Amino acid sequence: MSTAGKVIKCKAAVAWEPNKPVVVEEIEVAPPQENEVRIKIVATSVCHSDLYHLFESMHPEGFPTVLGHEGAGIVESVGPGVTEFQPGDKVIPLFLCQCRQCRFCKSPRTNQCEAAWTRIRQEIMASVESRLTCKGKRVLQFMGTSTFSEYTVINQIAVTKIDPAAPLEKVCLLGCGICTGYGAAVNTAKVQPGSTCAVFGLGAVGLAAVMGCKDAGATRIIAVDINSEKAEKAKVFGATDFVNPKDHNKPINQVLAEMTNGGVDYSLECVGKVEVMRTALESCMEAWGVSVIVGWTDMYDIAIRPGHLICGRTWKGSMFGGFKSKDGVAQMVKAYVDKKLMVDEFITHNMTLDQINDAIDLMKDCKCIRAVMSVSPQ
């Protein structure tokens, strides 16, 4: 029986308040309105940005919400005005939209979209509108996506159609972490062949950055993390060296400078801590080093001395790896299907939506790279 045009009742993991376990509830998902697409989420994974909202920023206006922004699914129905998608399409939701019409989308200088600045309230990390309700209450859609739900409704400018041959339980990871890290190396830093790189933080984003450095032709890639158990995993993605700051009695930027005759050509901070951002900058070659901030935080200021930049370093930020979202994610999925990109290697756990709190704990305790949850059958 067709569900098009009807309210769908389904399971979703609702975060009712900050710093508390999420609760798997029955929610109501409204039909898609103009320019919207309703998607059956097949698979999703937990990203640190979900934990950041739940345990770190804890903005009181950002709850209740359905978290999740790294997922993949199948179009169930479309609203008026939607021409790009039809029921049955395999798709990936996007937390960063691409309208293809604004001055940003038309410019090669950025992957930002003006619509994103009005569609998403950054302080609460949720879309202005929501099609989700639970127990009579409006539930926010985290980053406009809410993939911790069997069904969700998203504006068509924040969805991309992907290769129908792609396994959704794998390529869901391309909705955030892998593209963010990989693109930071390839698109933002523009790592050059023969260069030396340092990647700070070896979660999924950092490991993807290592992979990006390798694919860009870097000959030395130093992986930096306070968890030595990640050393072998980093080598799988291309790291040539591993450094644990806890193993040294001097600042890690000095250690790296000694290892590289003055500093690395490129450094990528994939942790989301301001002190690591500064260290990553200081680890670059003073005359020409490029350092990229990849990890997200909006809670603290950062301070540096002007001399850190005046001599020739460049400090850059990277949102979603510099990929224009619709185009970039579809291209990355195709690269995976063509066996030109590693994705499976990031998956350390396979779970179900009912195990969402276990998956969150694994990420919180740094005991997984990515835990993929099966949400709905294909």
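Which residue in β2 is the bridge partner of K9? The partner is E28. This is a predicted model, and the report starts from that strand pair.

## The barrel

Strands β1 and β2 belong to a closed barrel of five strands. The order is β1-β2-β9-β10-β4, and the pairing is mixed. Strand β1 covers residues 8-15, and strand β2 covers residues 23-29. These two run antiparallel, joined by seven bridges. K9 and E28 form one bridge pair between them.

N19 sits in the loop between β1 and β2. Its phi is near 60°. That is a positive value in a residue other than glycine.

## A cis peptide before β4

F63 and P64 are joined by a cis peptide bond. Omega there is about -5°. P64 lies in the loop between α1 (48-57) and β4 (65-66). Strand β4 is itself part of the barrel.

## The open sheet

A second set of strands forms an open sheet. Six strands take part, in the order β15-β14-β13-β16-β17-β18. The pairing is parallel. Strands β15 (241-243) and β18 (314-317) stand at the edges. Each has a single partner strand, so one side of each is left without a neighbour in the sheet. From one strand to the next, the twist averages 20°.

Within the sheet, β13 (residues 196-200) pairs with β14 (residues 220-224). The sense is parallel, over five bridges. C197 stands opposite I221 in β14. Helix α8 (residues 274-282) packs on this sheet. The helix touches β13, β16 (266-269), β17 (290-293) and β18. Its direction makes about 175° with that of β16.

## Two domains and their contact

The domain assignment gives two parts. Domain 1 is 8-175 + 342-374, and domain 2 is 181-319. Their C-alpha centres lie 29 Å apart. The contact takes 14 residues from domain 1 and 14 residues from domain 2.

How much area do domain 1 and domain 2 bury between them? The value is about 1300 Å², with 68% of it on carbon and sulfur atoms. Y52, M342 and F346 supply 40% of the area that domain 1 buries against domain 2. No other three residues of domain 1 supply more. The count of salt bridges between the two domains is zero.

## Salt bridges

The structure as a whole holds 20 salt bridges. One of them pairs D354 with K11. The closest N and O atoms are 3.2 Å apart. This pair links distant parts of the chain, 343 residues apart. D354 is in the loop between β19 (347-352) and α11 (356-364). K11 is in strand β1, a strand of the barrel.

## The record

UniProt, in an unreviewed entry, places the feature "domain: Enoyl reductase (ER)" at residues 11-373. Over residues 11-373 the chain is 26% helix and 25% strand. The end C-alpha atoms of that stretch are 13 Å apart.

Definitions and conventions:
Residues numbered from 1 in each chain as written. Predicted model: local features only at pLDDT ≥ 70, side-chain atom pairs only at ≥ 80, totals over all residues. Heavy atoms only, no water. Pairing = 2+ DSSP bridges. Helix = DSSP H or I, 4+ residues; strand = E, 2+ residues; numbered from the N terminus. Axes fitted to C-alpha atoms, helices over the stretch in contact; angles between N-to-C directions. Contact = heavy atoms within 4.5 Å. UniProt positions renumbered as here; feature names shortened; annotations may be inferred. Domains from an automatic or database assignment. Buried area = accessible area lost by both parts, 1.4 Å probe. Salt bridge = Lys/Arg side-chain N within 4 Å of Asp/Glu carboxyl O.
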